Amino acid sequence: MSVKEFFKGNVFKCIIALLCVLLVSGIFLTIMNSLLYVTDEERFERAINKIYGKSVKTESVTVADYNSNATINEAYKIKDDGNYLVKSTGKGGFENGTVTCWVVVEVKGGKVSGIGKVVIDSNKNQSYISKISQNFLNSFENNPAKDFYFTTSDGYLTSGASMSSNAICNAVNGAVDFINAKLGNLAEDIYADFEYVKNIITKETSHEYNAETKEVIFHIKTNGFGNAIQFTIDVTVGENGIISDYDIIKNGSTSGYESKMLASILDGSLFIGKDIEGIKGILQNGADLGTIGSLNGSDLITGATQSNYLCLNAAAFAAANYNTIISMEQGGQENE
C-alpha cells in the first residue's frame, strides 16, 4: 500500500476520528475539572455554611492538644459572635478508630458557655457511623454536661453506635479543653502526672482519703478501648498500697461480652490483696502494663480481653499512686 492510499484508507480515517475524540474529551475534562475543583478554602466555607447557615468572618487560631483522647486539627475564632469553630478528631472509636467533628464552642464572658453545634466531618473504621442520628448530635447543645465534659455514661448521649459515640464525645471534649486552655480557664488535672494514666480519664476520676484508716478510695473512669466503652470502677487501697476492695460500678463491655470477662475481675478478687508489684505479676515475665500485648500468655486473654485490660489498668493506677495521694493529703492539699 502506498502512502497516498494509506491516507485515503479507512484505517487512517479511524485514527483521525479517535484522535479527535481524545482531544475533545481532554478539553472537556480540563474544563469540568476547573469548574468542579473545590479548594480547601471552599471546603471550609461549606463547613461554615453547614454549621452557621450563613457566611461569617473567621480568624485562624494556632492549635495544640490538651486532651489525650483528641487531636485538634484546625481552629477558628468567629469574629461575628466571638465563638470558636474547632475541627477535632476524637479517639476511642470502634477498633481504635476515630471520628472527626466540627464543634462550635460558645464563649460568653471569657468562659465556655455551651456547645453550639456538632457536625461529623469524617471517620476511620466506624462501620456503624450511620446510626449516629441528628438527635444525638443535638444532645451536646440541648443537654450540657457538668463543665461541658461529655461521656456516653451520661445517659442521654446514647446511640446504636456506642464506640462511635465515645469518639464523638472525645472530639467535643478535646475542643472544649482547647478553648478553655486558650482562654486561660483549663482546670488543673491533679492526676495528669500520675503513673499508669494511659487508659484513665483523669478529669473524671476522683478520690476520697480517710485520715484515720489511711485508706484511699479511688473513683476511676477509664477510657474506651477497642470494643469496650468506659468503665467506672471504685478501688480501695490501704497501707503499703495494697488493694482491699475492687468494685465495677459501670461495666463497659458491649454486645453481651461482659459474660466473657474473667470472673475474678468481675468480683474483684484478682486484684484484692495485691500492690502494684502483685498486679504486674499477673502478667507473664513482668510485661509492660502499657500495652494490650502485655496480656499475651496470661489468664486475661478471654473473649472480652479489652475489657479485662481496662480493669487491669484501673487496678494499676490505684495501687501505684496510693503513696502519692498520701503525700498529697498529708501535705494539706485537698481533692475537690
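The chain folds into nine helices and nine strands, where helices (H or I, at least four residues) and strands (E, at least two) are DSSP runs numbered from the N terminus. This is a predicted model, in which local features need pLDDT of at least 70, side-chain atom pairs count only at pLDDT 80 or more, and totals for chains, interfaces and linings use all residues. Residues are numbered from 1 along each chain as its sequence is written, and side-chain values use heavy atoms, with hydrogens and water left out.

**Exercise 1. Describe the chain as a whole: find what share of its residues is buried and how its contacts are spread**.

Step 1: Buried means under 20% relative accessible area, exposed over 50%, and partly exposed in between (1.4 Å probe, protein chains only). Of the 336 residues in the chain, 44% are buried.

Step 2: A contact means heavy atoms within 4.5 Å. Take the contacts between residues at least 6 apart in sequence: 52% of them join residues at least 24 apart.

**Exercise 2. Work out the span of helix α5 and the surroundings of N173**.

Step 1: The expected span of a helix is 1.5 Å times one less than its number of residues. With 22 residues, α5 reaches 32 Å from its first C-alpha to its last, close to the 32 Å expected at 1.5 Å a residue.

Step 2: Helix α5 is largely enclosed by the rest of the structure, because 18 of its 22 residues are buried.

Step 3: Now pick out N173, which belongs to α5 (residues 162–183). N173 counts as buried because its relative accessibility is 2%. Its contacts, leaving aside neighbours within four places in sequence, are N67, F148, Y149 and F150.

Step 4: Look just past the end of α5, where G184 has a positive phi of about 80°.

**Exercise 3. Apply the span and burial checks to helix α8**.

Step 1: Helix α8 (residues 305–320) has 16 residues and spans 22 Å from first C-alpha to last, close to the 22 Å expected at 1.5 Å a residue.

Step 2: For burial, 15 of the 16 residues of α8 are buried, leaving the helix mostly covered.

**Exercise 4. Trace the pairing of strands β6, β7 and β8**.

Step 1: Two strands pair if DSSP finds at least two bridges between them. Strands β6 (residues 206–210) and β7 (residues 215–221) run antiparallel and are joined by five bridges. Here Y209 sits opposite V216 of β7.

Step 2: β6 and β7 make a hairpin with four residues between them, and K214 in the turn has a positive phi of about 65°.

Step 3: β7 is also joined to β8 (residues 232–238), antiparallel, by six bridges. The bridge partner of I217 is T236 in β8.

**Exercise 5. Locate N125 and Y196, then give their phi values and exposure**.

Step 1: N125 lies in the loop between β5 (111–124) and α4 (134–142). Its phi is near 70°, positive in a residue other than glycine. At a relative accessible area of 40%, N125 is partly exposed.

Step 2: Y196 lies in the loop between α5 and β6. Its phi is near 55°, again positive in a residue other than glycine. At a relative accessible area of 25%, Y196 is partly exposed.
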